Amino acid sequence: AEEYVQKRGGLAIYLARCVITPIAVPLNLVAGSSGYASRRFVGYAAAGELTWLLMYGTLGYLFGSQWEAVSTFISDFSGVLVGLAIAGVGVFALLRWARRPPAATSADSADATAAALTSDH
């Protein structure tokens, strides 16, 4: 997680502030413990918060009389996004695991060791 945050943390921090808010607290902990640059963190977090404010403000302006319905929909939708993200990571990990080369079996290792011992060097 620490390596991922160092490579792609900006996007994750931004999205955690405006779209996938349930992962914000764990992401904060990982970013802080991994030594992620505080200025970069604050910049991405501020951009995400600004996006969130503009998004909700625009929706409030457009759907002012139905604000509670819109808020409930967005809250439910973020849960769906988190579920889809978790499922996507699971599928990615499964595909990566399925494509890895087969590990050498202990019988293969024993044969290689025996061949090395009996060969003339």
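## A tour from Phe73 to Arg17

Start by selecting Phe73, which sits in helix α4, the helix that runs over residues 67-99. The model on screen is predicted. Phe73 is exposed, because its relative accessible area is 56% and a residue counts as exposed when that value is over 50%.

Next, keep Phe73 selected and add Phe77, Val80 and Leu84. These four residues make up a nonpolar patch on the surface. Together they have about 430 Å² of accessible area.

Now clear the selection and show the whole protein chain as a cartoon. How many helices and strands does the chain have? It has five helices and zero strands, and the pattern along the sequence reads α-α-α-α-α.

Switch to a surface view. About 9,000 Å² of the protein chain is exposed, and 67% of that area is supplied by carbon and sulfur atoms. The chain has 121 residues, of which 18% count as buried. For contacts between residues at least 6 apart in sequence, 65% link residues at least 24 apart.

Go back to the cartoon and select Arg17 in helix α1, which covers residues 2-18. Is Arg17 buried or exposed? Arg17 is buried, yet it has no salt bridge. Add Glu49 to the selection: it is the nearest side chain of opposite charge, 4.0 Å away from Arg17.

Last, select what surrounds Arg17. Leaving aside residues up to four places away in sequence, Arg17 touches Ala24, Asn28, Phe41, Ala45, Gly48, Glu49 and Trp52. Glu49 is therefore on the list of contacts, with heavy atoms within 4.5 Å counting as a contact, although Arg17 has no salt bridge.

Definitions and conventions: Residues numbered from 1 in each chain as written. Predicted model: local features only at pLDDT ≥ 70, side-chain atom pairs only at ≥ 80, totals over all residues. Heavy atoms only, no water. Patch = residues over 30% accessible without salt bridge, like charges linked within 9 Å, V, L, I, M, F, W, Y side chains within 5 Å. Areas by Shrake-Rupley, 256 points an atom, 1.4 Å probe, with all protein chains shown as cover. Helix = DSSP H or I, 4+ residues; strand = E, 2+ residues; numbered from the N terminus. Buried < 20%, exposed > 50% of the residue type's maximum accessible area, 1.4 Å probe, protein only. Lys, Arg positive; Asp, Glu negative; His and termini not counted.
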